[in-house]
Amino acid sequence: MVEAVIWDFGGVLTSSPFEAFARYETERGLPADIIRRTNAANHFENAWAKFERAEVDLDTFDELFAAESLVLGAEVRGKDVLPLLFGELRPEMVEALRIVGGSFKTGCITNNLPANAIGSASGRTLYVAEVMALFDHIIESAKIGLRKPDPKIYRMMTDALGVDPANCVYLDDLGVNLKPAREMGMTTIKVVSADQAIAELEAATGLKLRTS
């Protein structure tokens with residue numbers, strides 16, 4: 001029995017930044033996937049994690065990210081990565097969220113950046129008010145000093161919604177963020193594309209989420 005559907009934001013309701021990362025690396029002759037590898041290395045305590053928990057300011061993040069990427073083969077400034085995060089809203093995913101909200105509780109758990117992350121399109125300006133208003137509850141990492149994949153953040157969401165994790169569906173584009181949700185008993189969907197994710201969400205909820 002599904003009680004709630006919980007969503008990641010970037011890469012789920014918006015297109016993935018990974019394409020922009022790859023384009024940036026190619027244009028500048030950087031090692032392939034160096035941005036993603038820098039983000040993934042020591043992912044609980046790296047520059048990215050600290051910034052999303054609002055533990056460091058923009059300048060410190062810029063310097064830490066540059067040092068971490070240099071260890072992996074090339075210096076990439078953190079400030080140069082932030083503008084690449086902007087993704088376009090996926091209208092079919094937003095419509096699926098709207099339909100799901102008519103039958104189940106909905107939540108959003110997003111690893112985001114502090115509101116003062118100058119030059120970052122992934123600050124709160126990205127969160128289109130009309131879309132965010134569709135959620136019953138929203139948890140932002142930069143507001144609470146906690147980020148995925150810390151299991152506590154998922155428990156905070158299920159407590160806020162008043163639901164059993166075993167009766168939740170969780171969507172994210174990163175496997176590392178899906179694992180804790182799955183271990184809590186949630187049905188998880190790794191979002192590779194909008195079509196694939198919507199098909200799996202239809203199967204999980206029994207709802208018809210596509211008009212065609």
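Two residues count as in contact here when they have heavy atoms within 4.5 Å of each other. Keep that cut-off in mind, and keep in mind too that this is a predicted model.

Let's try the contact rule on threonine 187, which sits in strand β5. Setting aside neighbours within four places in sequence, threonine 187 is in contact with Cys168, Val169, Tyr170 and Ala204. With a relative accessible area of 41%, threonine 187 is partly exposed. If you want a sense of distance across the fold, go from threonine 187 to serine 16: they are 171 residues apart in sequence and 22 Å apart in space, C-alpha to C-alpha.

From β5, step back along the chain to methionine 184, in the loop between α10 and β5. Is this residue buried or exposed? Methionine 184 has a relative accessible area of 19%, and buried means under 20%, so it counts as buried. Leaving out residues up to four places away in sequence, methionine 184 touches Pro151, Tyr154, Arg155, Thr158, Pro165 and Ala166. Take proline 151 from that list: it is 33 residues from methionine 184 in sequence, yet their C-alpha atoms are 8.4 Å apart.

Another partner of methionine 184 is threonine 158, which lies in helix α9. Threonine 158 is buried, with a relative accessible area of 1%. Beyond residues up to four places away in sequence, threonine 158 touches Ile6, Val163, Pro165, Cys168, Met184 and Met186.

Now for helix α10 itself. Its buried residues include Asn177, Leu178, Pro180 and Ala181. Why do these residues fall on the same side of α10? They do so because they cover an arc of only 160 degrees around the axis. The general rule is that an α-helix has 3.6 residues a turn, so residues three or four places apart point the same way. As for what they face, the buried residues of α10 pack against α9 (151-161), β4 and β5 (187-190). After α10 comes glycine 185, with a positive phi near 110 degrees.

Some other backbone spots deserve a look. Most residues other than glycine have a negative phi, and most peptide bonds are trans. Aspartate 33 has a positive phi, near 65 degrees, without being a glycine. You'll find aspartate 33 in the loop between α1 and α2, and at 38% relative accessibility it is partly exposed. Alanine 54 is also a residue other than glycine with a positive phi, in this case near 60 degrees. Alanine 54 is in the loop between α3 and α4 (58-71) and is partly exposed, with a relative accessible area of 39%. Then there's the peptide bond from lysine 148 to proline 149, which is cis, with omega near 10 degrees. Proline 149 is in the loop between α8 (141-144) and α9.

Next, the inside. The largest nonpolar core has 25 residues, and those touching the most other members are Val5, Trp7, Leu13, Met93, Val100, Leu171 and Leu201. At least two residues of this core come from each of β1 (4-7), α6 (91-100), α7 (129-132), β4 (168-172) and α11 (194-205). Which element gives the most to this core? That's α6, with 5 residues. Leucine 13 shows how the packing looks from one residue: apart from neighbours within four places in sequence, its contacts are Trp7, Asp8, Glu88, Leu89, Arg90, Met93, Val94, Leu97, Val131 and Phe135. There is also a second, separate core, with 20 residues, Tyr24, Ile34, Phe61 and Leu113 among them.

Last stop: the empty space. Rolling a probe the size of a water molecule over the atoms shows where empty space is left. The largest pocket has a volume of about 870 Å³. Its lining is made of 37 residues, and nearest the centre lie Pro17, Phe18, Asp173, Leu174 and Asn177. Asn177 brings us back to α10, where it is one of the buried residues. Two or more lining residues come from each of α1 (18-27), α2 (34-40), α3 (47-52) and α10 (175-183). The largest share, 4 residues, is supplied by α2. By chemical type, the lining divides into 14 nonpolar, 12 polar and 11 charged residues.

Definitions and conventions:
Residues numbered from 1 in each chain as written. Predicted model: local features only at pLDDT ≥ 70, side-chain atom pairs only at ≥ 80, totals over all residues. Heavy atoms only, no water. 1 Å grid on protein atoms, 1.4 Å probe; cavity = no way out; pocket = protein on both sides within 12 Å on 5 of 7 lines; lining within 4 Å. Points joined across faces, edges and corners; volume = space filled by probe spheres on them. Nonpolar A, V, L, I, M, F, W, Y, C, P; charged D, E, K, R; others polar. Core = buried A, V, L, I, M, F, W, Y, C linked by side-chain atoms within 4.5 Å. Buried < 20%, exposed > 50% of the residue type's maximum accessible area, 1.4 Å probe, protein only. Arc of directions from axis to C-beta.
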